[in-house]
Structure formats: structure tokens, C-alpha cells
Amino acid sequence: MRFKLDNVTAREILDSRGNPTVEVEACTSDGMMARASVPSGASTGSREAAERRDGDARRFGGKGVLDAVMAVNTEICEAVRGRDVREQRQLDNIMLALDGTENKSRLGANAILGVSLAVARLAAKASHEPLWRYLGGLQANLLPVPCMNIINGGVHARGQGADFQEFMIAPHGAPTLQEAVRQGSEVYHALRQILLDKNLSAAVGDEGGFAPAVSSNRDPLTFIVQAIEKAGYRPGEDISICMDPASSEFFREGQYHLRTEGSALSAAEMTAYYGELMDQFPVILLEDGLAEDDWTGWKHLHQQLAGRAELVGDDLFVTDVKYIQRGIDENLASAALIKLNQIGSLSETLDAVALCQLHGWGAFMSHRSGETTDTFLADLTVALRAGHLKTGAPCRGERVEKYNQLMRIEQALGDDACYAGLHAFVRRT
Ligand code: PGA
Ligand code: ZN
């Protein structure tokens, strides 16, 4: 009775952009309940699992998720009820088989993932274990470096700021996660003052970072280095920088179009540009430096820069073992970005991380630009010893709640807690 799945129900709630998303509640036969909700991206990879939207323009401009909600409440509920909530893989497989499509488009990845996560959380609860411990067992004691996105550009700044989408700080030199969060917050506030002193806007973008209008993608890096120093830390020693240009967004007809700089660059020229930025600034991670279909460009990028920064594929791999395996075989990158809703079930996400770890690749855990206050990602990151994650700025409730959950986990671990630090970043020559 304690572990028997009695019911799953869904509802439509709002995400951090004010768009509808799916929330699922799962219950055991003896009345225990757990809840999970699903995030949503803006700069999505074209090979991601399909997020099901109603398309009825009379509700939420077509973005409603009532069909996905209905799929949970009817078909999925019927198929999974009565099972043991600890049978995560079987439950996920039942949903994948029921969906029957390559990309989860029939039931919707948002419907499937909501159930997958709610069931995992319910199993943890029924086992009387915190989620991170239930998912990770005794090895779950590594706290990740929080890579905080403090300048937002690209589509997360409505195309008004930098071309590059994310400029993050990684306080890897801190002794603990809690200290890392403090340092990140201090740099964030120092940056705010620097921007205001320059008469730039300190309004924030989708992930809580500032979104100033800039005239080059170097400017955010310059400001961030100043902010790190102003807050009393050493750039590169205490705190380094991670970048996600999300370059698929500005790749057209074989060229990378940098609006702020008025230039259009080839893959080789972009790679050389990143190399220059790495000469001038302490950049230790570069995600989606090149576009999702530019596999040849990626190979060259990896040859040139793998020793200098962790090279992470996001749109390139979409958390899918098929594409990650190709990346490994062809030596295209050194890490995969891991987003639960990109693949659409917990089990497949575990597979993606396991594949990375088996090959000495990094698994860079990630939120989406449209989030809820659900903290599943924080627990999962500790459970999988992934060592680093990005979940936005130290600002906006849906972002800080993940960092807060990590601080709770660190406290619960007490002396057993270990902070990942610089080792988390895979750089090889
Ligand atoms: P998204 O952005 O959630 O809007 O896709 C995050 C990223 O590109 O890493
Ligand atoms: Zn990305």
C-alpha cells in the first residue's frame, strides 16, 4: 500500500514568464502525495522532445496545456496506476510505449515528464528519504558549483542586449556551496552598481540576470571582471566566467551574425574570437559556442579550445544519448548540458548523465528560461554528483529556490558535504 501508485492528476499552472505549464500530483494508496512541475525553454534545440501546446489562440495565445493535462488525467493515469512508485524505469517505459512516437509528441513531453518527476518524488517520500538521497544513495554528497547567469542577452533579453545569451559566474574557489552562493550574490550586487554608474539599465531578463544594451559581447565580460574585483574576489582564482552564446539563435546561412558588433563570422572565425576572449577573460566553460547543425565547426572548436574551457553541447545534444554518443565518437565536445524537459523523462536523463560520466565528460545540469519554483533539479544534481549546474541569477524566486535547496541539502549533509570546486570543469589538452 505504501508504495502503490493510486492516482496521477495534472493541472495547468503558470511558469516564470507567465505562460501555462503542467503540474502533476501523484498519490499512493495510503494517501501520500507528491507534486512536480515542468519548465519550458525559449531558445530550444530543434531536436528536443515535443512540448505539447493546445494551439487554441483563444487561450494563452495558443500556449495552453490542457491537452497535456488531459493526457495525464486519462491515458497516462490508467496505464500507471497500481504500479510500485519505486519502479521508475518501468513507469517511464510504460509512458514512452504508450506515447509511441520518437519525440513524445502524442502525449507530450510536458505530460510525461510531469508524471515521471512527481512519481520519483513520491517514491522518495514513501521511502522516508529526501529526494537527493533517494535518487543518489550514499554517494550523494557532492555540492555543485553554482554557475549564476548574471548578464542575460539573446532571446532572454528580447534581442535588446548582448548577442550572447548567458554570462555566468562560477565561484569555484569557495570552500562550500553556501559560501559560493554568498560570493555570487555579492558579485551580482556589485555588477548592478557598476551598470547603474555607467547609466546602463539594471532591469533583469528571463533568468534574473541584468540585460543591459551593450555595443559588443566583450562588454559584459569586462563588467563582470570589474564586479568580481569590486566584490573583493580574484577573477580566475576565486571566480571564473562561463558563457552560453546559444549561437544557434544567430546562425543563418552558414554564418554567425553578431548584431551588436555588426559582424558575420564563419565557424572558424567564431572559434578564433572565443580564443581571444579566453586570452583576455577567465572563461572556463563555453556552451553552444557553435550552432546545433554545425557538426564540422564543433570538431574544429573542440580541437582548438578543449584544453582551455569545458565545451558543452546543449542544442547540439538535447540530453539525448543518441546525439551525445555521436559527440563522444567524433570528439566534438567535453560535456553535455542536461535538461530534464529536453528529453522528457527522468530515466532517460539518468542515462544521458551516466553516458557522459562513463566517458569522462562533464554533465552540466540546467534549468530552463521558463521555470517554476520546483527544486527537483537541485536534488538531482547532488544525487548524480554532476559537480556544476546553472539555474539563473541569484535573483527571482524560481531561480533562487534551486540555490536555496542546495544550501538546505548541504546543511543536511553536515560534515559529509563536499564542494566540487574547479575539478567539476572538464578541460583537456
Ligand atoms: P532556454 O535557454 O531554456 O531558453 O532554452 C537555456 C539555454 O539555452 O541553455
Ligand atoms: Zn544553452
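**View 1. Strands β11 and β12 sit side by side in a predicted model**. Strand β11, residues 283-287, pairs with β12 in the parallel sense, and 3 bridges join the two. One spot to look for is L285, whose bridge partner in β12 is E310. Helix α6 (residues 218-230) packs on the sheet here, touching β5, β6, β7 and β11. The direction of α6 makes about 25 degrees with that of β6. Another helix, α7 (residues 267-280), lies across β7 and β11 and runs at about 155 degrees to β11.

**View 2. Eight strands close into a barrel**. Go round it and you pass β5-β6-β7-β11-β12-β13-β14-β15, with mixed pairing. From one strand to the next, the twist averages 30 degrees.

**View 3. Strand β5 has a partner on either hand, β15 and β6**. With β15 (residues 388-390), β5 pairs in the parallel sense over 3 bridges, and V145 stands opposite H388 there. With β6, the pairing is antiparallel over 4 bridges, and this time I151 stands opposite F167. How many of the residues of β5 are buried? The count is 8 of the 8, so β5 is largely enclosed by the rest of the structure.

**View 4. Three acidic residues hold the zinc ion (ligand 2)**. D244 and D314 each coordinate through OD, E287 does so through OE, and the distances run from 2.0 to 2.2 Å. Along the chain, these donors follow the spacing D-x42-E-x26-D. D244 lies in strand β7 (residues 240-244), while D314 is in the loop between β12 (310-313) and α9 (321-330), so the pair ties together parts that are 70 residues apart in sequence. Are these two aspartates buried or exposed? D244 is buried, with a relative accessible area of 0%, and D314 is buried as well, at 2%.

**View 5. The largest nonpolar core lies between two domains**. This core has 138 residues, and those with the most contacts inside it are F164, M243, M270 and Y274. Its largest share, 12 residues, comes from helix α3 (residues 109-126). Domain 1 (4-128) and domain 2 (142-424) both give residues to the core, so it lies between them. As background, nonpolar side chains tend to be buried together in soluble globular proteins.

**View 6. M270 and the residues it touches**. Leaving out residues up to four places away in sequence, M270 touches F164, F250, Y256, L258, L265, G289 and L290. F164 should look familiar: like M270, it is among the residues with the most contacts inside the core.

Notes. Residues are numbered from 1 along each chain as its sequence is written. Chains are lettered from A and ligands numbered from 1 in the order in which they are written. This is a predicted model: local features need pLDDT of at least 70, side-chain atom pairs count only at pLDDT 80 or more; totals for chains, interfaces and linings use all residues. Side-chain values use heavy atoms; hydrogens and water are left out. Donors are N, O and S atoms within 2.8 Å of the metal (3.2 Å for Na, K and Ca); water is not among the atoms, so sites may look incomplete. Buried means under 20% relative accessible area, exposed over 50%, partly exposed in between (1.4 Å probe, protein chains only). A nonpolar core is a set of buried Ala, Val, Leu, Ile, Met, Phe, Trp, Tyr and Cys residues joined through side-chain atoms within 4.5 Å. Domain bounds come from an automatic or database domain assignment. Contact means heavy atoms within 4.5 Å. Two strands pair if DSSP finds at least two bridges between them. Axes are lines fitted to C-alpha atoms, for helices over the stretch in contact, and angles run from 0 to 180 degrees between N-to-C directions.
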